[in-house]
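Let's take a walk through a protein model together. Keep the 3D view open and turn it as you read.

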Amino acid sequence: MSSHRRLLGSLLVAGSLLAAAPPASAAPVQWSVGPTDGRVSLRHVAEPGSTARDSITVRNLGAEPADFVVSAGDGVLVQNGAFDIAAGTPVDSGKWISVGGLDGGRLTLGAGERRDLPVVVAVPADATPGDHPAGIVVGVSGTEDGVRVQRRIGVRVHLQVSGELTPALEVRAVTADFSPSWVPFADGVLKVTYEVVNTGNARLGAAATADVAGPFGLLARRGGDAVDELLPGDSATRAFEVAAPSLFRASGELSVVGVAVGEDRVTAPAAISRGYSVLAVSWSGVAVLVLVVAGAALLLVRRKRNRASGTSGPAVAATA
C-alpha cells in the first residue's frame, strides 16, 4: 500500500468524532464524524466472502446548511508515521466499503442537523488474511484566497480478514556515524540509522534498542527509539542518537522487536539483531596527545643537550 501514500488534504483521519473548524476568512462550516455508538473507530474481523455492517454519524455543527462529500479509501501511513487515507480510486479494502444515505456521494445537512449513515463492508471471497486498513472521509469544498480547497475529516476502519496471521518485521540498511565532542576524550554522539519493514500481514509497532561500547566492551552505553505503527508492506527509516565513548573504535548491536498496536491481538515476532562498528576518535584528544608527546620529546632533547654540554671540557695532558 506504500504506493498509495497521497495526502487527503488539511486534516488527518484518526478516529472518533473529529470536529473541523474553518479559517476565519471562510464560511462558518463546522462538522464532526465518528462511529454512531461513540467508538474510536470501526473495527471488524470478517471471513472472506462475508459482509460486515456498521454506521457512522455526521453532524453539522455550524449555523448554516452545508453540503458534504462522503467517500471511502485505502488506509496508508504518511511520512511522519500518522494514519491517513489515500486519495483517488481505492485498490484494496477501501473499495469494499459502501456508505448509504447519500445522493451521489453527497450529503446535505441543515444547521445543527445530524445523520446516521449505514456502512457496509463486503469482503471478497478471495481476500487475503490479515489487516486491510481503510477509512471513511467527510469533506467540505470551498474557496480560500481564490483557491478551491477541500477540508476532510473521517473515521478509521480497522478491517481484518480471518485466516492465518503472520506478523513479521525485517531490519535493513543499519548504519552508524560517530560525531566526536570538542571536549578531549569526552563521549561523542553515535547516530544509528536503520530501516524496518513490515513483511507480514498484520500491523505492528517496533521498538529499537542500540548498545554501543569501546574496545573490550569498555564504557558501554545504550539508547532507543520506537516506530508507533507499520501497516503490512510499509517501511520506515528512523535514526536516533546514543552517547558513545571516544576510544578509537565503537561497536554495538541494534535490536528491533515488534509490538502489538492498540487493541490488536497479535503475537509479536522475535527480536531482530544487527551488529555495527565505527571509528570513534576524539580528534581534540588526539591533538592534546600530540602536543603532550611533542612537548615531552622536546624536553628530552633539551635535557640531553644540557647533559652533553655539562660533561664536556678541556683535555688534560698526563705527564710521566
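Start with a pair of residues inside the protein: Trp31 and Phe68 are both buried. Their rings form an aromatic pair, with 5.7 Å from centre to centre and 55 degrees between the planes. That geometry makes the pair tilted. Trp31 sits in strand S2 and Phe68 in strand S5, which covers residues 66-77, so this pair ties together parts that are 37 residues apart in sequence.

Before going on, keep in mind that what you are looking at is a predicted model. How confident is the predictor? The average pLDDT is 86, and 87% of the residues score at least 70. Two stretches deserve some caution, though. Over residues 1-19 the pLDDT stays under 50, and the model gives this stretch 66 contacts beyond four places in sequence. Residues 316-320 also have a pLDDT below 50, but here the model shows zero contacts beyond near neighbours in sequence.

Back to the rings. How many aromatic pairs does the structure hold? There are two. You've met one of them, Trp31 with Phe68. In the other, the ring centres of Tyr194 and Phe240 are 6.2 Å apart and their planes meet at 80 degrees, so this pair counts as edge-to-face. Here too, distant parts of the chain are linked: Tyr194 belongs to strand S14 (residues 188-198) and Phe240 to strand S17 (residues 235-244), 46 residues apart. Tyr194 and Phe240 are both buried. If you wonder why we keep quoting two numbers, a pair of aromatic rings is described by the distance of the centres and the angle of the planes.

Now find Ser41, in the loop between strand S2 (31-35) and strand S3 (42-46). Is Ser41 buried or exposed? Its relative accessible area is 11%, which is under the 20% cut-off, so Ser41 counts as buried. Who keeps it company? Setting aside neighbours within four places in sequence, Ser41 touches Pro35, Val155, Arg156 and His158. One of these, Arg156, has another partner to look at: Arg156 lies over the face of Phe83, at 3.7 Å from the ring centre.

Next, move to the loop between strand S15 (204-213) and strand S16 (221-230), where you'll find Phe216. Leu219 is in the loop between S15 and S16 as well. What's odd about the backbone here? Most residues other than glycine have a negative phi. Phe216, however, has a positive phi of about 60 degrees even though it isn't a glycine. Leu219 isn't a glycine either, and its phi is positive too, at about 55 degrees. As for accessibility, Phe216 has a relative value of 84%, which is over the 50% cut-off, so Phe216 counts as exposed. Leu219, at 46%, counts as partly exposed.

Finally, follow S15 across to its strand partner. S15 and strand S18 (residues 248-259) run antiparallel and are joined by nine bridges. You can pick out one spot along the way: Ala208 stands opposite Val256 in S18. From there, keep going to strand S19 (residues 272-280), which pairs with S18 over nine bridges, again in the antiparallel sense. Which residue is the bridge partner of Ser255 in S19? Look for Ser273.

Key
Residues are numbered from 1 along each chain as its sequence is written. This is a predicted model: local features need pLDDT of at least 70, side-chain atom pairs count only at pLDDT 80 or more; totals for chains, interfaces and linings use all residues. Side-chain values use heavy atoms; hydrogens and water are left out. Helices (H or I, at least four residues) and strands (E, at least two) are DSSP runs, numbered from the N terminus. Buried means under 20% relative accessible area, exposed over 50%, partly exposed in between (1.4 Å probe, protein chains only). Contact means heavy atoms within 4.5 Å. Rings of Phe, Tyr and Trp (its six-membered ring) pair if their centres lie within 6.5 Å; planes under 30 degrees apart count as stacked, over 60 as edge-to-face and the rest as tilted. A charge sits over a ring if NZ of Lys or CZ of Arg is within 6 Å of the ring centre and within 35 degrees of the ring normal. pLDDT is the predictor's confidence in each residue, from 0 to 100. Two strands pair if DSSP finds at least two bridges between them.
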